[in-house]
Amino acid sequence: MIKLKEFDHLLVTPGKKCKLSKFATDSTRHVPPREKADVATQQAGEKLAELQDRLYAEGRRSVLVILQGMDAAGKDGAVRKVFDAVNPTGVQVTSFKQPTSEELRHDFLWRCHAKVPPRGYIGVFNRSYYEDVLVVRVHADRLLPPELRGDKGEWDRRFHMIRHFENSLCDAGTQVVKFMLHISKEEQRQRFIARQKDPTKNWKLAAGDFVERTFWDDYQEAYEKMLPETAAPDAPWYIIPADHKWVRNYYMSHILVAMLQKMDPRPPVMEDKALIARKFK
Ligand code: AMP
Ligand code: MG
């Protein structure tokens with residue numbers, strides 16, 4: 001059994017001021033040495049696969065994993081590595097990009113609600129409705145509908161909507177867990193350079209990424225406002241030190257296993273085994 005408590009040091013405390021600079025991006029404390037950690041991550045991945053099977057067999061609940069982080073924080077890599085061993089049929093990954101004109105005519109939760117994992121599944125949101133209080137807040141002058149610009153109450157309204165939304169998911173049997181992949185500005189630079197140099201990674205680097213980087217502090221501030229407003233005991237935010245990919249993978253896989261072990265999904269017991277056996281004689 002992996003205990004969730006072991007990862008409490010990464011939790012955002014609901015309602016309490018959150019200073020991201022206080023969370024080290026390159027910390028390896030609380031994590032075994034690299035080689036041991038990699039083995040443990042692989043084992044956790046296999047456990048996760050087994051737990052997802054049980055979740056499916058039980059057919060009553062689901063898990064929603066939300067991934068947020070700056071550009072190049074490792075969201076795609078995390079999906080690839082952490083869910084490596086899980087049956088692809090059991091995981092539904094959705095990447096949220098700039099909203100379409102149809103999506104913009106709805107409330108910001110609409111497109112995400114449609115992608116919440118059904119019972120039995122693990123759903124992963126690679127970005128999410130949190131973009132609507134992050135990138136949209138940083139670029140409110142351009143991304144917020146004109147009638148809302150200058151309306152200071154809008155962010156509180158959005159936090160309120162998010163809290164209610166996640167509460168109702170919880171009531172409906174969806175466990176929500178949120179990871180903020182926390183990298184340093186320097187690590188982002190290194191990863192951008194790597195993307196620039198490597199022809200197989202070029203496509204990942206958008207022209208706008210360097211522009212967005214100049215808004216680094218605004219993004220950090222938007223995160224710091226959002227995290228304590230939306231952290232909840234039933235929908236926790238974990239700040240994952242993500243400069244080292246192996247540390248990120250270790251934490252995410254272990255937290256997910258601990259969470260699913262706590263949920264303890266159980267396949268239903270066949271009501272009348274004798275009757276079924278007779279039927280198939
Ligand atoms: P990527 O994750 O690199 O594929 O990029 C997706 C882009 O979509 C990022 O630049 C996000 O900021 C942007 N994006 C995602 N959701 C929203 C949103 N609700 N409003 C505006 N931009 C968004
Ligand atoms: Mg990108």
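In this predicted model, the side chain of arginine 127 places an N or O atom 2.6 Å from an oxygen atom of ligand 1. Of the 500 Å² of accessible area that ligand 1 has on its own, the protein covers 76%. Two further residues make polar contacts with ligand 1: an N or O atom in the side chain of lysine 97 is 2.4 Å from one of the ligand's oxygen atoms, and a polar side-chain atom of arginine 111 lies 3.2 Å from a nitrogen atom of the ligand.

The shell around ligand 1 consists of Phe96, Lys97, Gln98, Pro99, Arg111, Arg127, Glu131, Asp132, Val135, Val136 and Leu143. By character, these residues divide into five nonpolar, one polar and five charged.

Arginine 127 also takes part in a salt bridge with aspartate 71, with the closest N and O atoms 2.9 Å apart. This pair links distant parts of the chain, since aspartate 71 sits in the loop between β1 (62–69) and α2 (75–82), while arginine 127 sits in the loop between β3 (122–126) and α5 (135–138), 56 residues apart. Aspartate 71 has a relative accessible area of 19% and is therefore counted as buried, the cut-off being under 20%.

The count of salt bridges in the model comes to 19, and three of them are set out below.

| Salt bridge | Closest N and O atoms |
|---|---|
| Arginine 60 and glutamate 58 | 3.9 Å |
| Aspartate 71 and arginine 127 | 2.9 Å |
| Lysine 225 and glutamate 221 | 3.2 Å |

The partners in the pair of arginine 60 and glutamate 58 differ in their exposure: arginine 60 is exposed, with a relative accessible area of 54%, whereas glutamate 58, at 9% relative accessibility, counts as buried.

Lysine 225 and glutamate 221 both belong to helix α10 (residues 216–230), and because they are four residues apart there, about one helical turn separates them. Lysine 225 is partly exposed at 38% relative accessibility, and glutamate 221 is likewise partly exposed, with a relative accessible area of 42%. Elsewhere, Asp151, Glu154, Arg157 and Arg158 are joined into one network by salt bridges that share partners.

A last feature concerns the surface, where Met270, Ile276 and Phe280 make a nonpolar patch of about 350 Å². Methionine 270 is located in the loop between α11 (245–263) and α12 (273–279). With a relative accessible area of 54%, methionine 270 is classed as exposed, because the class begins over 50%.

Technical notes
Residues numbered from 1 in each chain as written. Chains lettered and ligands numbered in written order. Predicted model: local features only at pLDDT ≥ 70, side-chain atom pairs only at ≥ 80, totals over all residues. Heavy atoms only, no water. Patch = residues over 30% accessible without salt bridge, like charges linked within 9 Å, V, L, I, M, F, W, Y side chains within 5 Å. Areas by Shrake-Rupley, 256 points an atom, 1.4 Å probe, with all protein chains shown as cover. Salt bridge = Lys/Arg side-chain N within 4 Å of Asp/Glu carboxyl O. Helix = DSSP H or I, 4+ residues; strand = E, 2+ residues; numbered from the N terminus. Buried < 20%, exposed > 50% of the residue type's maximum accessible area, 1.4 Å probe, protein only. Near = heavy atom within 4 Å. Polar contact = N/O pair within 3.5 Å; in protein donor to acceptor, adjacent residues only side chain to side chain. Nonpolar A, V, L, I, M, F, W, Y, C, P; charged D, E, K, R; others polar.
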